[in-house]
Amino acid sequence: MWSKNLAREHGFEPLRIEGKLPSSLRGTLYRNGPGQFGQFGTTYAHPFEGDGAVTAVRIADGKAHGASIVTPSEGLVRERAAGKILYGSRAPWPRRIGNALRGRDKNTANTSVVMWQGRLFALTEGAKPTELAPADLAMVGETDLGVIRGAFSAHPHRVDARNAIYNFGLEYGRHTRLHAYELPDVGAAREIGVVDLPAAVMLHDFIATETHLIWFVSPVRVDVPRAMLQLGSFDTWFRWQPEHGTEVIAMPIAAPGDTVRFTVDAFYQWHFANAFTHDRELVIDYVRYPDFRTFAEIGHGGSVNDGSYHRATIDLTAKRLRSEALSDRPCEFPTVAPGTHGREHAVAYASFDSLGAVGSIRPDGAIDAHVLPADEKLSEPLYASGNVLALCHARDAAYVAVYAAERIAAGPVAKIWIDHHVPITFHGVFAS
């Protein structure tokens, strides 16, 4: 699933259309995920170490053009020039120790993309944003946006009512610190708050309402001695320690100093769908797991397949979290339509059945889904102008399936075909 490299790199070229594209659909779909899973005869230890590949599909006037590139990070360029792996857990151990001591790493830019003020950034979990040119995916370079300390998460979330995108980053050291950032539609990026964490944790995603930023800090601890000494492979540096529980952190955007924190029984989540403020409570839709085992399953070529769609309610005064499953049908990569981010939503979109189906889910648990052929997969669906777009992966090709958002079960109204293999992407954005 995440093992076969991007088959071909190319700039924008015409793509074949099956069916008819809706006339309202105009814009560019940008998708990102690991696209190169090894070099020089050596396979990386885990897909999360893969070099990022961005695939873009530009749609206008019933036609489409597509481009795919492996992001040429500085580290990857150095490796290609040297003819050997220089970074990550597959580099020779002395080199890895030197990298750790000198703070050298490769920014793989392999997880997500975000558009901010007309600029396109490829994101990964533990590094700064990598800017690409939206018009042709040309490399611009790594940036700290003038404010980022440490890393910048691959999961920014927009709050429409505040005309801003929010994100966070972890800064590891003697103390682990969580930095919260605001990227306004107009003006410079800024840091809005800092929270000290009790340990070096792996923190994948967060969510935002119109009033709060919310984290579920699961008990996934970084094995610092192993990481510092570069012992074993990347996938052995994380430990599930449920005795610590999951810490809930709710930071008021307007008053970060009034952050509320409390701990509940351990659970894990990869991704959130959306959240909103209801009276004095925070309501969060997310995909919940009992533990962290999917990390190893992904590393062995498997899928995220046992998460259930939950709605949590946080009582800030009582410091209490209640969570109930809205559906037990396995799902992942939930999203909501633009305009509803941070507000109460009527429907979310997700992949179901181990990435074998795409559909919508409502707060009452009703699901409207289309099942793909058995040999096809997809990840995160995105809403665009009354349609739902999903990049699907066939045997030696890929296609963007275009669904009418209200009739997903009826199947795609059009398919935009890419004539080569594209590895399954994690996240993306549709820029209209």
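Reader: What makes Gly365 stand out in the hairpin of strand 28 and strand 29?

Author: Its backbone: in this predicted model, Gly365 takes a positive phi near 90 degrees. The hairpin has five residues between its two strands.

Reader: How do you know that strand 28 and strand 29 pair?

Author: Count the bridges. Pairing needs at least two, and five join strand 28 to strand 29 (residues 367–371), so the two count as paired. They run antiparallel. If you want a spot to look at, Val358 stands opposite His370 in strand 29.

Reader: And what makes strand 27 and strand 28 a pair?

Author: That one also passes the cut-off of at least two bridges. Strand 27 (residues 348–352) and strand 28 are held in register by five bridges, in the antiparallel sense, with Tyr349 opposite Ser360. These strands form a hairpin too, with four residues between them, and Asp353 in the turn has a positive phi of about 55 degrees.

Reader: Why is strand 28 called largely enclosed?

Author: Five of the five residues in strand 28 (residues 357–361) are buried, so the rest of the structure largely encloses the strand. Buried means under 20% relative accessible area. Both faces are covered: Ala357, Gly359 and Ile361 are buried on one side, Val358 and Ser360 on the other.

Reader: Let's move to the rings. Why are Phe216 and Phe272 called a tilted aromatic pair?

Author: Take the distance, then the angle. The ring centres are 5.3 Å apart, and the limit for a pair is 6.5 Å. The planes make 55 degrees; stacked is under 30 and edge-to-face is over 60, so what is left is tilted. The structure holds 20 aromatic pairs.

Reader: Which parts does the pair of Phe216 and Phe272 tie together?

Author: Phe216 lies in strand 17 (residues 212–217) and Phe272 in strand 22 (residues 268–278), so the pair ties together parts that are 56 residues apart in sequence. Both rings belong to residues under the 20% cut-off for buried: Phe216 has a relative accessible area of 1%, and Phe272 has 2%.

Reader: How do you know that Trp270 and Phe292 are tilted and not stacked?

Author: Their planes are 35 degrees apart, and stacked would need under 30. The centre-to-centre value is 5.9 Å, within the 6.5 Å limit. Trp270 lies in strand 22 and Phe292 in the loop between strand 23 (281–289) and helix 4 (293–299), so this pair links parts 22 residues apart in sequence. Trp270 is buried at 2%, and Phe292 is buried at 7%.

Reader: Which residues join Trp270 and Phe292 in a cluster?

Author: Ring pairs also bring in Phe48, Phe238, Trp240, Tyr268, Phe295 and Phe426.

Reader: How do you know that a charge sits over the ring of Phe352?

Author: The charged end of Arg329 is 5.3 Å from the ring centre, inside the 6 Å limit. Arg288 does something of the kind at Phe267: this arginine lies over the face of the ring, 4.0 Å from the centre.

Reader: How do you know that Cys331 and Cys392 are not bonded?

Author: A disulfide needs the sulfurs within 2.5 Å. The closest cysteine sulfur to that of Cys331 is in Cys392, and it is 17 Å away, too far for a bond. Going the other way, Cys392 has Cys331 as its closest, again at 17 Å. The disulfide count is zero. Both cysteines are buried: Cys331 at 4% and Cys392 at 0%.

Reader: Why is Trp215 called buried?

Author: Its relative accessibility is 0%, and buried means under 20%. Trp215 lies in strand 17 and touches, among others, Phe168, Leu178, Phe206, Val248 and Met251.

Reader: Last one: what makes strand 12 and strand 15 edge strands?

Author: Each pairs on one side only. They belong to an open sheet of four strands in the order 12-13-14-15, with antiparallel pairing. Strand 12 covers 157–159 and strand 15 covers 190–197. Neighbouring strands here are turned by 25 degrees against each other on average, direction ignored. Strand 15 is joined to strand 14 (residues 176–184) by seven bridges, and the bridge partner of Arg177 is Asp196 in strand 15.

Notes:
Residues are numbered from 1 along each chain as its sequence is written. This is a predicted model: local features need pLDDT of at least 70, side-chain atom pairs count only at pLDDT 80 or more; totals for chains, interfaces and linings use all residues. Side-chain values use heavy atoms; hydrogens and water are left out. Rings of Phe, Tyr and Trp (its six-membered ring) pair if their centres lie within 6.5 Å; planes under 30 degrees apart count as stacked, over 60 as edge-to-face and the rest as tilted. Buried means under 20% relative accessible area, exposed over 50%, partly exposed in between (1.4 Å probe, protein chains only). A charge sits over a ring if NZ of Lys or CZ of Arg is within 6 Å of the ring centre and within 35 degrees of the ring normal. Axes are lines fitted to C-alpha atoms, for helices over the stretch in contact, and angles run from 0 to 180 degrees between N-to-C directions. Contact means heavy atoms within 4.5 Å. Lists of a residue's contacts leave out its neighbours within four places in sequence.
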